[in-house]
Amino acid sequence: PAAHEYLKERQLGDVFRAAIYPSLSLNEGFRVYGSAYYFHKSADTYSLASGVDPLPGTPAPGDLARGSGGRSLSLGGGIAYRATRPQRDTTGTRTALPVEAGLSYQAAFSGSGGLVPKSTMLHLYLRFHAKIGG
């Protein structure tokens, strides 16, 4: 703990994220899509005040940054449905409020560097829209 008192500066590494979701409409209500998500974080940097040597047995500033950067690539896909035909509400009035449903799957494909999670996600959703008020 005393070694941290001598640190002059800590610069967090830059983070870059990018995602693409190309899709293909199968018909008026269904579409399928793919996904690619890229994450990159540069390593953090630490420096000591000038003229200060690290205490014996404590890590050097360069060692503190080890494992603080990394990158990962996740790939996936899914299918989505959206009801588009007009429906009738309880008063008999035609409405166009949609119903949506979908499923998506995404898994880590590659990763390197420090603490990069190897995640797998399965996302299911069902949405009902309602008209509130007049």
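Start by selecting Glu100, which is buried at 11% relative accessibility. The model on screen is predicted. Glu100 belongs to strand E9, which spans residues 99–113.

**Stop 1: around Glu100**

Keep Glu100 displayed and add Arg82. The two side chains form a salt bridge, with 2.3 Å from N to O. Arg82 sits in strand E6 and Glu100 in strand E9, so this pair ties together parts that lie 18 residues apart in sequence. How exposed is Arg82? Its relative accessible area is 41%, so Arg82 falls in the partly exposed class, whereas Glu100 is buried.

Next, add Arg127. Its side chain also meets that of Glu100 in a salt bridge, here with an N to O distance of 2.9 Å. This pair links distant parts of the chain, with Glu100 in strand E9 and Arg127 in strand E10 (residues 120–128), 27 residues apart. Arg127 is partly exposed, its relative accessible area being 40%.

With the three side chains shown together, which residues make up the network of salt bridges? They are Arg82, Glu100 and Arg127. As a general point, side chains of opposite charge can pair when their charged atoms come close.

**Stop 2: Lys41 and Asp44**

Move to Lys41, in strand E4 (residues 30–41). Select Asp44 with it: the two form a salt bridge whose closest N and O atoms are 2.6 Å apart. Their side chains are also joined by a polar contact of 2.6 Å. Is Asp44 buried or exposed? Asp44 counts as buried because its relative accessibility is 7%, and the cut-off for buried is under 20%.

Now show what surrounds Lys41. Setting aside neighbours within four places in sequence, Lys41 is in contact with Gly13, Asp14 and Val15, and also with Ser68, Gly69 and Gly70. Ser68 is the next residue to select.

**Stop 3: Ser68**

Ser68 is found in the loop that runs between helix H1 (61–64) and strand E6 (70–82). With a relative accessible area of 18%, Ser68 is buried.

Which residues does Ser68 touch, not counting those up to four places away in sequence? They are Lys41, Ser42, Ala43 and Asp44. Two of the polar approaches can be checked atom by atom:

- Turn on the backbone oxygen of Ser68, which lies 3.0 Å from a polar atom of the Lys41 side chain.
- Then turn on the side chain of Ser68, where a polar atom lies 2.8 Å from the backbone nitrogen of Asp44.

Lys41 thus appears twice in this view, in the salt bridge with Asp44 and beside the backbone oxygen of Ser68.

**Stop 4: the whole chain**

Hide the side chains and switch to a cartoon. The protein chain has one helix and 10 strands. In what order do they come along the sequence? The pattern is β-β-β-β-β-α-β-β-β-β-β.

Colour by burial next: of the 134 residues in the protein chain, 18% are buried, and Glu100, Asp44 and Ser68 are among them. A surface view shows about 9900 Å² exposed by the protein chain, of which carbon and sulfur atoms supply 57%.

Contact ranges are the last item. Taking contacts in the protein chain between residues at least 6 apart in sequence, 64% join residues at least 24 apart. To finish, bring the salt bridges back into view; the structure holds three.

Conventions. Residues numbered from 1 in each chain as written. Predicted model: local features only at pLDDT ≥ 70, side-chain atom pairs only at ≥ 80, totals over all residues. Heavy atoms only, no water. Helix = DSSP H or I, 4+ residues; strand = E, 2+ residues; numbered from the N terminus. Buried < 20%, exposed > 50% of the residue type's maximum accessible area, 1.4 Å probe, protein only. Polar contact = N/O pair within 3.5 Å; in protein donor to acceptor, adjacent residues only side chain to side chain. Contact = heavy atoms within 4.5 Å. Areas by Shrake-Rupley, 256 points an atom, 1.4 Å probe, with all protein chains shown as cover. Salt bridge = Lys/Arg side-chain N within 4 Å of Asp/Glu carboxyl O.
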